[in-house]
Amino acid sequence: MPSLLTSARRRAKALHRNLRGAAMAARALASTDHPLLAHIIPVRRCNLACTYCNEFDDFSKPVPTEEMFLRVDKLGALGTSVITISGGEPLLHPDLDAIIRRIRANGIIAGLITNGYLLVAERIQRLNRAGLEWLQISIDNVNPDDVSKKSLKVLDKKLQLLAEHAEFHVNINSVVGSGITHPQDALTIGKRAVELGFSSTIGIIHDGSGQLQPLGEEERRIYHEMKSMEKRSFTRINAFQDNIAQGLPNNWRCRAGARYLYICEDGLVHYCSQQRGYPGVPLATYTRDDLRREYLTQKGCAPHCTVSCVHQVSIFDGWRAPQQTAPPVAVETRGLVQIK
Ligand code: SF4
Ligand code: SF4
């Protein structure tokens, strides 16, 4: 149980975060010229090795802190609303708290995606003090197996620590889809999350290229049961995953490269974690012209994409600015990869 002081701070921070979120949503509707969400990678290394994951290695050094500050400041100058720090495992970066502070100093909402293994009470309290606003842990199964060690059995103690100490919002994401052998575990994880006072969401695991692997009957049943458990929040306002669960394509305009930016450890801008290589230009030289071009560029991978965070931010512009396919010459000369 959190102390009275922690509960009071949690409520005050939630109110502040929600007010800022509402202001950012209004700004997103009024203007299309700024990113709504950026993922930044301060370290590619991870302390785990989930077999479905194509976003980690076991050797990379942390990005120098001054370099991370420059990237955060550039995202601030572009008018970015939310930055999510991801990885690899971002808690392996020695100056993570300073990076969070820099995000907040730029007036940007600061979020963190972690596997949770390195969380202890003192680390959570430092994240409070740094100004972290939300944190997500994705839990893949109840018991560790060959695919994933992101398991409720291992992480439950960490969740209890978060319930006691975190002043930021906590979301627990569970998954169904390719490689997950016990889809019913998602329900156990979701129920535990709600019991501890967190929000709970469900994701559908994509294949190595971010594309749809249709769900089986049992997975679909669990998916729909989980959806009914999900708390409503600004991150869950669409039926994108409902179509994916049924194996149906989505008709949407992916605004990656404009409203959503994925900044890799080398400081390059990519469409998303699953379409790395394009635009593939340094964030330091990314301009409003780049944002405007990518805003209007149709992505051929969109119909079967499972990258829900990009879909969520693209909803703001679903009703405006039809897209064109990239000119073939530009595709060849700029080294477009993976987009088909
Ligand atoms: S914990 Fe996350 S980053 Fe690390 S291997 Fe697993 S899915 Fe990838
Ligand atoms: S549609 Fe957009 S978010 Fe989805 S894989 Fe393609 S570029 Fe990435």
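Reader: Which residues of strand β2 point one way and which the other way, and are they buried or exposed?
Author: In this predicted model, V82 and T84 project to one side of strand β2 (residues 82–85), I83 and I85 project to the other side, and all of them are buried. In a regular strand the side chains alternate between the two faces of the sheet. The word "buried" is used because a residue earns it when 20 or more other C-beta atoms lie within 10 Å of its own.

Reader: What makes β1 and β2 a pair of strands, and do they run parallel or antiparallel?
Author: Two strands pair if at least two bridges are found between them, and four bridges join β1 (residues 37–40) to β2, the two running parallel. One of the residues involved is I40, whose bridge partner in β2 is I85.

Reader: Why is N141 called buried?
Author: N141 has 24 other C-beta atoms within 10 Å, and the cut-off is 20 or more, so N141 counts as buried. Its place is in the loop between β4 (134–139) and α5 (152–165), where, leaving aside neighbours within four places in sequence, N141 is in contact with S148, S151, I180, H182 and D185. The C-alpha atoms of N141 and L152, which are 11 residues apart in sequence, are 6.4 Å apart in space.

Reader: What class does R11 fall into, and how do you know?
Author: R11 has 11 C-beta neighbours inside 10 Å, and a residue with 12 or fewer is exposed, so R11 is placed in that class. R11 lies in helix α1 (residues 4–30), and its C-alpha atom is separated by 9.7 Å from that of H169, although the two are 158 residues apart along the chain.

Reader: Why is A321 given the label it has, and what is its phi?
Author: A321 has 13 other C-beta atoms within 10 Å, a count between the two cut-offs of 12 and 20, and therefore A321 is called partly exposed. A321 sits in the loop between α10 (308–314) and β11 (324–325), and its phi is positive, about 55 degrees, although A321 is not a glycine.

Reader: Which peptide bonds are cis, and what is omega in each?
Author: Among them is the bond joining G87 and G88, with omega about 10 degrees; G88 lies in the loop between β2 and α3 (96–105). The bond from Y278 to P279 is also cis, with omega near -5 degrees, and P279 belongs to strand β9 (residues 279–282).

Reader: What surrounds ligand 1, and how does that shell divide by class?
Author: The residues around ligand 1 include C46, C50, C53, G87, G88 and K150, and by class the shell has six nonpolar, three polar and three charged residues. Ligand 2 is surrounded by 13 residues, the closest being C254, C272, C301, C305 and V310, and its shell has nine nonpolar, three polar and one charged residues.

Reader: How compact is the chain, and how do you know?
Author: The secondary structure of the chain comes to 11 helices and 11 strands. Its radius of gyration is 19 Å, close to the 20 Å that the globule rule gives for 340 residues, so the chain is as compact as a globular protein of that length. Of those 340 residues, 40% count as buried, and the largest nonpolar core has 75 residues, with I83, V176, Y260 and I263 having the most contacts inside it.

Notes. Residues numbered from 1 in each chain as written. Chains lettered and ligands numbered in written order. Predicted model: local features only at pLDDT ≥ 70, side-chain atom pairs only at ≥ 80, totals over all residues. Near = placed C-beta within 6 Å. Nonpolar A, V, L, I, M, F, W, Y, C, P; charged D, E, K, R; others polar. Rg over C-alpha atoms; globule rule 2.2 N^0.38 Å. Core = buried A, V, L, I, M, F, W, Y, C linked by C-beta atoms within 7 Å. Contact = placed C-beta atoms within 7 Å.
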